[in-house]
Amino acid sequence: MELATMQEGAVVSVAVKGRLDSVGADLLKARVSQLIEAGTARLVIDFAQVAYISSAGFRVLLIAAKLAEHANGALALAGIGGEVKRLFDLAALTEMFTILPDRAQAVEALANHGR
Amino acid sequence: MKKPANLIYALEERPPWLVVALNGVQHVGLIAINLVYPVLVFRLAGVPASMLASVLCAGFLVLAIATMLQCRRFGPIGSGYMCPATFTATYFSASLLAVKTGGLSLLFGMTLFAGVLEAALARGLQRMRAILPTEISGAVIFLVGLSGGIAGMRAMLGTGAAPVSTAEWWAAGITLGSMIALNVWGRGLLRMLCAFIGLVAGYVAAVLLGLFGAEQWQAVAQTPWLALPEFSHVSWSFDAALALPFAIASVAAAMKTVGTLAVCQRINDADWVRPDLASATRGALADGAGTAIAGLMGAVGINTSTPSVGLSSATGVTSRVVAYAVAALFVVLALMPKLAMLLAVMPRAVLVAALLFVICFILISGLQVMSSRLLDARRTLVLGSAILGAAAVEALPGMGANAGAGLAPLLGSSLVFGTVLALAMNLVFRIGVGQKALLTLERGAAEAQKIEDFFVARGAVWGARSEVIRRAAFGVQQLVEAVLENCWREGPLAIEARFDEFNLDVELSYRGELLEFPLTRPNERDIREDEHALRHLAGFMLRQNADRVHSEAKDGRCSVLFHFDH
């Protein structure tokens with residue numbers, strides 16, 4: 001799995017590429033923790049290039065959302081479709097996250113967060 | 001059956017009477033395009049023009065009976081779908097051969113034979129499931145579209161056809177343009193009646209452009225308004241030498257019926273996954289009975305109208321009530337020779353434009369059915385060869401010239417040749433295809449990609465639905481990931497996948513502790529903080545992912561069975 005981070009104003013987006021399984025989840029958790037510690041509170045995780053997410057992947061998303069909330073920020077997910085959307089529904093976790101169609105909309109939504 | 005979002009009036013719904021009536025007229029107008037087959041056959045048989053309308057009226061009565069047999073369920077007969085009957089290209093070459101060889105009596109005798117044979121074949125369709133897989137049904141639908149579309153183009157532009165005049169191009173453009181514009185940008189009634197309005201626009205254009213000339217007006221004027229259908233031309237004879245071409249046509253008709261009814265099933269059900277062979281069997285029985293009745297009553301062979309089904313998909317009206325209207329209109333036409341003659345003299349440009357419009361929907365339906373399955377090299381070769389073979393027959397019409405009497409009918413029709421080629425290659429390629437596959441994973445090398453590759457490869461060999469294969473692959477990957485840390489203690493993890501057309505069972509076994517498959521999801525806080533809850537989330541997802549899960553542990557060996565309906 002690969003991660004690409006992009007700063008867009010006060011929002012940081014992390015594009016995930018590949019499989020978000022237990023190995024990928026550890027990498028993503030470490031990156032999110034690092035960003036929050038560095039003062040980033042508004043996070044977008046872009047799923048446009050993700051083909052698979054397991055229970056471990058969902059766990060790290062729940063942790064990331066909680067970390068962002070504690071830092072008075074927010075987490076938004078973008079680019080969820082096809083098989084990944086099916087897996088979110090399967091885990092009954094779709095309602096737990098702020099999900100927007102694409103990264104640009106998610107960044108815009110978080111840029112206005114708290115205003 | 002779940003109503004798809006694009007349907008306005010589904011199978012069991014009752015549209016307003018005006019919608020029913022106008023849709024009925026539209027379908028009859030479309031089916032009238034196929035009058036070209038009996039008209040050509042009867043002309044070749046020497047039936048005088050003055051008698052042609054009367055003979056066509058007998059044919060309309062046959063279509064009325066066959067439509068009712070198909071859309072109603074009479075015991076084991078009839079699919080119950082809005083799938084009207086039509087004259088067909090399938091019997092065209094065999095019928096021409098019959099009238100050349102032994103006149104009308106041989107044509108009707110052989111048509112009766114073909115109908116009885118198709119009805120007999122219908123009874124065996126369930127047992128023939130393995131040799132009639134879904135992707136071949138898709139190929140048959142595609143080939144019906146291909147052969148029909150090319151026949152239309154050939155009639156308009158082929159070397160044997162009269163040169164196309166500027167006026168004809170305009171009439172064809174107006175007909176096709178009206179249909180497309182109303183279908184793409186029209187709303188409500190305009191969209192539903194796009195083909196009929198296009199036909200009327202085409203007739204009006206043809207009259208204004210001088211394509212509906214004195215000859216056509218005279219033919220219509222000389223035909224009476226009311227008359228009973230004429231059966232004096234009917235007699236029967238049989239020639240064993242023609243049994244093969246009619247048998248092949250009958251197999252193709254059964255295949256086409258199954259394919260057309262698969263389209264009916266698909267457009268009426270948002271949850272459609274495979275052809276319902278029980279309904280297809282009743283449909284093929286009705287179709288065979290219809291052709292047998294055609295032979296008895298002095299008409300050419302009939303078949304389910306794929307263009308009509310394409311039209312119902314395009315308009316969003318698949319109500320069975322429309323089929324009753326179609327049958328009623330056929331009866332009216334059977335009693336009104338003047339109207340039959342008006343349709344019989346439809347200008348070429350209008351006829352071909354309408355045909356091309358509906359063929360588009362048939363072609364894409366066929367492609368969609370074919371691509372609903374994973375295709376390995378064998379299936380790719382079967383479908384590719386069938387399509388290429390059919391295209392070769394169309395492109396090289398002389399290739400069967402020296403093939404001999406037995407093979408000539410096979411090479412004389414792209415639909416028949418492509419279908420028979422696909423069936424034969426499918427039978428050959430079944431050799432060596434096991435329905436069971438094993439994969440063993442070691443603890444240190446349980447790569448997800450290996451699991452993915454295993455399922456994709458086996459799915460393609462089996463011709464399984466890609467969606468089911470994706471679910472199975474996810475199930476195994478998630479289970480392996482969940483048990484790897486704490487449950488899978490030692491030794492290899494064995495995966496056995498078993499497939500038939502209706503089931504995919506995946507059984508995993510390993511030594512260690514059994515994973516739980518709870519009915520409810522753990523809460524978010526527990527998922528974040530508790531390792532057990534994380535495993536429960538995996539078990540919960542796996543239970544949701546499969547249609548059935550069974551697990552057991554015995555002597556330290558755990559076994560998990562995922563069942564997927566296919």
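## Exercises on a two-chain predicted model

The contact between the two chains involves 22 residues of chain B and 21 residues of chain A. Keep in mind throughout that this is a predicted model.

### Exercise 1: Size up the interface

Find how much area is buried between chain B and chain A, and which three residues of chain B supply the greatest part of its share.

*Solution.*
Step 1. A word on the quantity: the size of an interface is often given as the accessible area lost when the parts come together.
Step 2. Here, about 1900 Å² is buried between chain B and chain A, and carbon and sulfur atoms give 59% of that area.
Step 3. On the side of chain B, 33% of the area buried against chain A comes from B:Glu481, B:Arg528 and B:Met541, more than from any other three residues.

### Exercise 2: Polar links and the helices behind them

How many salt bridges and polar contacts join chain B and chain A, and which elements of chain B touch chain A?

*Solution.*
Step 1. Begin with the charged pairs: the count is 2 salt bridges.
Step 2. Look at one of them, between A:Glu83 and B:Arg470, where the closest N and O atoms are 3.4 Å apart. The cut-off is 4 Å, so a separation within that limit qualifies.
Step 3. Widen the search to polar contacts, and 12 residue pairs turn up across the interface, both residues being at pLDDT 80 or more.
Step 4. Now trace the elements: in chain B, α19 (448-462), α20 (466-486), α21 (524-529) and α22 (531-545) each supply at least two residues to the side that touches chain A. The most come from α22(B), with 8 residues.

### Exercise 3: A nonpolar patch on chain B

Locate the nonpolar surface patch that contains B:Val200, and decide whether B:Val200 is buried, partly exposed or exposed.

*Solution.*
Step 1. B:Val200 joins B:Trp170, B:Ile174, B:Val204, B:Leu208 and B:Leu209 in a patch of about 580 Å².
Step 2. Two elements of chain B, α6 (166-185) and α8 (194-208), give two or more residues to this patch; the largest share, 3 residues, belongs to α8(B).
Step 3. B:Val200 itself sits in helix α8 of chain B. Its relative accessibility is 37%, so B:Val200 counts as partly exposed.

### Exercise 4: The fold of chain A

Describe chain A by its elements and its contacts.

*Solution.*
Step 1. Chain A has 4 helices and 5 strands, which run along the sequence as β-β-α-β-α-β-α-β-α.
Step 2. Of its 115 residues, 50% are buried.
Step 3. Among contacts in chain A between residues at least 6 apart in sequence, 67% link residues at least 24 apart.

Conventions:
Residues numbered from 1 in each chain as written. Chains lettered and ligands numbered in written order. Predicted model: local features only at pLDDT ≥ 70, side-chain atom pairs only at ≥ 80, totals over all residues. Heavy atoms only, no water. Patch = residues over 30% accessible without salt bridge, like charges linked within 9 Å, V, L, I, M, F, W, Y side chains within 5 Å. Areas by Shrake-Rupley, 256 points an atom, 1.4 Å probe, with all protein chains shown as cover. Salt bridge = Lys/Arg side-chain N within 4 Å of Asp/Glu carboxyl O. Buried < 20%, exposed > 50% of the residue type's maximum accessible area, 1.4 Å probe, protein only. Contact = heavy atoms within 4.5 Å. Buried area = accessible area lost by both parts, 1.4 Å probe. Polar contact = N/O pair within 3.5 Å; in protein donor to acceptor, adjacent residues only side chain to side chain.
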